Amino acid sequence: MAVTDMQKLTVIGLNSSRTPFLHELMRLGVVEINSQEGVVNDEEWMPDIFRTSNSADVSRLEADIARVSVALDAINRYDTGKKPLIHTRKEIKRNVFVDHMNATKTATEMNVDHAVESNKKIADARTEINRLRTVIQGLQPWETLDVPMEMTETAHACLVLGTVNAKTNGAQLQTDVLAALPSAVINEIGADKQQKYFSFICWKDEKDQLYEALRPYGFVSVTLGETKGTPAELIQSYEEQITALEQEIQEEEQKLAALSVAKQDIEYLYDSLCMRRDRAKVVGDMLSTETVFYFDGWMPKWSREKVENLLKKYEFYYNIEEPDPDEEVPILLHNNGVVTAFEGVTSMYSLPARHDIDPTAILAPFYFIFFGLMLSDAAYGIILSVGCAIILKKYKLEGTMYRMFKMFFYCGISTFIWGALFGGWFGDFFTVAARTMFGVDFVINPIWFNPLEEPMKLLIFSLILGGIHIFVGMGVQAYMYIRDGHPLDALFDIGLWYLLLIGLVMFGFGGSLMPSLVPVGKYMAIVGAVGILITGGRKKKGLGKITGGLGSLYGITSYLSDVLSYSRLLALGLATGVVAQVINTLGSLAGGGIVGSIVLIVVFLAGTVFNIAINALGAFVHSCRLQYVEFFGKFYTGGGREFRPFERKTKYVKILEEDVEDGR
Amino acid sequence: MVDSLLNGQVLALAGAAIAATLGGIGSALGVGVAGQAAAGVVSEDPNKFGQVLLLQALPGTQGIYGLLIAFIVMVKVGLLGGDGMLDLTVAQGASIFAASLPIGIVGLCSAIAQGKAAAAGVMLVGKRPSELAKGMLFAAMVETYAVLALLVSFLMLNSLQL
């Protein structure tokens, strides 16, 4: 219904005008170019035709982009300026953009270099600080040792440093060593949880005896390395180095923060590089000979005139044709007005395959109803709609984000309507507030009924809505059967089920409306059931013809569970209402008076934010689920490939054409 | 001694306690499991915080459903917003206790299972950020049964006459 018709485009053009042509094609942004990978492996094509390989260009541009992106990240980290809540692309006219890029390019590239350099310096300094801290930690136990570390021996004496287990008796160790080497000097330098630290001075030729005496204590000797000075001096000098490095980091951070004025230019540069990269990349998807290039691809039917004009201008050979019936075609959804907002729901599941129906228009009204019914609070609906409206007004959103906010705007309206019908205004806040603050009785009466008092009524209503939803889904499947020329399938697989299900409902519940409905329903159900039994196995062979019918009829359980699944409409609606009541009741516990009123309002505000957040999430997820599982299960397969035109994929700027001014 | 404990009021409050406690335990465990996975993904890419937080929040609803039933019980027996607690017979108390069981038990188990599904969804988002909706849907499939249990508990309580 609303899948855009695509046409296949084949072009052969002159290499000499390829670059300007690609610029203009990118500007149009309506042609998807197929990759020619694999084609050149055909012997027939070789060796005169080759794929233009400019992967060197592409990777050079990729490297540039990565550098600019590092610079942007670094600047953003220290940019103290206010950041917008939602990222949007800045609109700029093309000639302004080009002029601006030409004027600032050199300076901007230097700024990028500076930012990258500062970023690297900061990272290096951090690494160095970490290293020094580790060294200091190793030195700390020796801090009180007053011997310079380069001195391990004199002419006759030597210094031995080492550790023993913390549990060792130090006095015993000293006595034992002195007994063996009466001339030795022993110092217990320090101790921590694991170890005790000792220094020994003895005659050089007694060194072996010292180790011998220490062996029972599990002594581990330690070498402190090649550095000079006493440990205390060393620690101090390292600390000074750390301070200096921290100073350096701060300076570099300031430099980065100062660069934030140039951030916009760097963002422009980023986008400009991305566009160049994309143009370079697409050349790799084309085939070339010495003088001409070839590509094929897809374009929407409505853009034909524009594309033809461009191709005629360059005097290229081209051919536009309709796709073969079984060819895979990229999918672009096209809906109008309100329905567009709900395209996100479809594309989150899967885009329709080429011959599928775009389900967006059919699911939109149901999504609208379900979401509102699950949140069902008039005040929450107003907050949701107004919030979305403000964001839509303030920010120029595009694409998926725009559609999402638009959808929640509509869903807010639905929430408001259902809330008013059920009498939910922040739950029962106004009643509670009037009683707590002013001691008055005040009730907002529901327009329809209060689901907390008559839940069965809403349950039945929910199940009826579900039944309608499922029937519509089956109807779409029937439509597709008939469209594809299988009217009998539509009759057997859908028509008979309609007969059976409607018959059963009339048989079961029709009696309360009109007694004569019961027998009619009974016969409808019997005809339907018998029909399904006979036709259910018609595509199978042998015994399958009989068992297939039984299997089909057994499918009635799935209809039962599908319909019951819509009871969540009631449950989630109740959840919102009751949680709101819990909040209001909690708030009113502090009683009346000024303090009580303040408590009520604080609890109310915090609770409301929480309730909206958690229940809007629930309503969103469960509305989706009802569409995807219960509704799509009846007719929709999906699996279409998204249409990805060759266009400007920019992140920060949106380039506007000025067709009038420069006459293009 | 036993008689003074095994009366209607105590049974009814035990029901409220079961609903709130089991639902809460389940949600705490579920949100915890999902949170661990979420932290792992955020450590790789801090920009995914918002997406994975949505997934982490999903198993939290069972606790709310439990609270909801506990609240309805308390209102029903007059503990909240009434003129003091009603006198309940043992049969009435036991009925309220029974009505609290579905959301308590199903809430506990489904929140844990949903937490695992949500954690898997977090991993999915870690690898394919565009598939957030599908990850959420897998977790929401589990929640269906908590919703049904909530409904049963609610309808039972609602049709109980005291």
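# Exercises on a predicted two-chain model

α15(A) bends by about 30° at Ile494(A). The model is predicted, and the exercises below work from its coordinates.

**Exercise 1.** Find how far helix α15 of chain A reaches from its first C-alpha to its last, and set this against the span expected at 1.5 Å a residue.

*Solution.* Start with the limits: α15 of chain A covers residues 487–509, which makes 23 residues. Next take the end C-alpha atoms: the reach is 31 Å. The expected value is 33 Å, and the helix comes close to it. Keep the bend of about 30° at Ile494(A) in view along the way.

**Exercise 2.** Determine which residues of α15(A) are buried, and what covers them.

*Solution.* Apply the cut-off: a residue is buried if 20 or more other C-beta atoms lie within 10 Å of its own. In α15(A), the residues that pass are Phe492(A), Ile494(A), Leu496(A), Trp497(A), Leu499(A), Leu500(A), Leu501(A), Gly503(A), Leu504(A) and Met506(A). Ile494(A), the site of the bend, is thus on the buried list. Then look at the cover: it includes α14 (455–483), α16 (517–535) and α18 (556–565) of chain A.

**Exercise 3.** Describe the side of chain A that touches chain B: how many residues, from which elements, and of what character?

*Solution.* Count contacts, with C-beta atoms within 7 Å as the test. This gives 22 residues of chain A against 23 of chain B. Sort the chain A side by element: α19 (567–588) and α20 (593–635) each give two or more residues. α19(A) gives the most, with 11. Now sort by character: 15 are nonpolar, five polar and two charged.

**Exercise 4.** Locate the residues that touch the most other members of the largest nonpolar core, and trace the contacts of Leu68(B).

*Solution.* The core holds 132 residues. Leu55(B), Leu68(B) and Val122(B) touch the most other members. Take Leu68(B) and leave out residues up to four places away in sequence: Leu68(B) touches Ala575(A), Val578(A) and Val579(A). Another core, of 19 residues, lies apart from the largest one; its members include Met6(A), Phe293(A), Val329(A) and Phe646(A).

**Exercise 5.** Check the secondary structure of the spans that UniProt annotates in chain B.

*Solution.* An unreviewed UniProt entry places "transmembrane region" at 63–82, 94–115 and 135–157 of chain B. Residues 94–115 are 100% helix, with end C-alpha atoms 31 Å apart. Residues 135–157 are also 100% helix, and their ends lie 34 Å apart. The unreviewed entry also places "domain: V-ATPase proteolipid subunit C-like" at 15–72 and 97–156. Residues 15–72 of chain B are 88% helix, with end C-alpha atoms 11 Å apart. For 97–156, the helix share is 93% and the end distance 11 Å.

Note on methods
Residues are numbered from 1 along each chain as its sequence is written. Chains are lettered from A and ligands numbered from 1 in the order in which they are written. This is a predicted model: local features need pLDDT of at least 70, side-chain atom pairs count only at pLDDT 80 or more; totals for chains, interfaces and linings use all residues. Two residues are in contact if their C-beta atoms, placed from the backbone, lie within 7 Å. Helices (H or I, at least four residues) and strands (E, at least two) are DSSP runs, numbered from the N terminus. Ala, Val, Leu, Ile, Met, Phe, Trp, Tyr, Cys and Pro count as nonpolar, Asp, Glu, Lys and Arg as charged, and the others, Gly among them, as polar. A nonpolar core is a set of buried Ala, Val, Leu, Ile, Met, Phe, Trp, Tyr and Cys residues joined through C-beta atoms within 7 Å. A residue is buried if 20 or more other C-beta atoms lie within 10 Å of its own, exposed if 12 or fewer, and partly exposed in between; C-beta atoms are placed from the backbone. UniProt positions are given in the numbering used here, feature names are shortened, and annotations may be inferred rather than shown by experiment. The expected span of a helix is 1.5 Å times one less than its number of residues. The bend at a residue is the angle between axes fitted to the seven residues ending there and the seven starting there.
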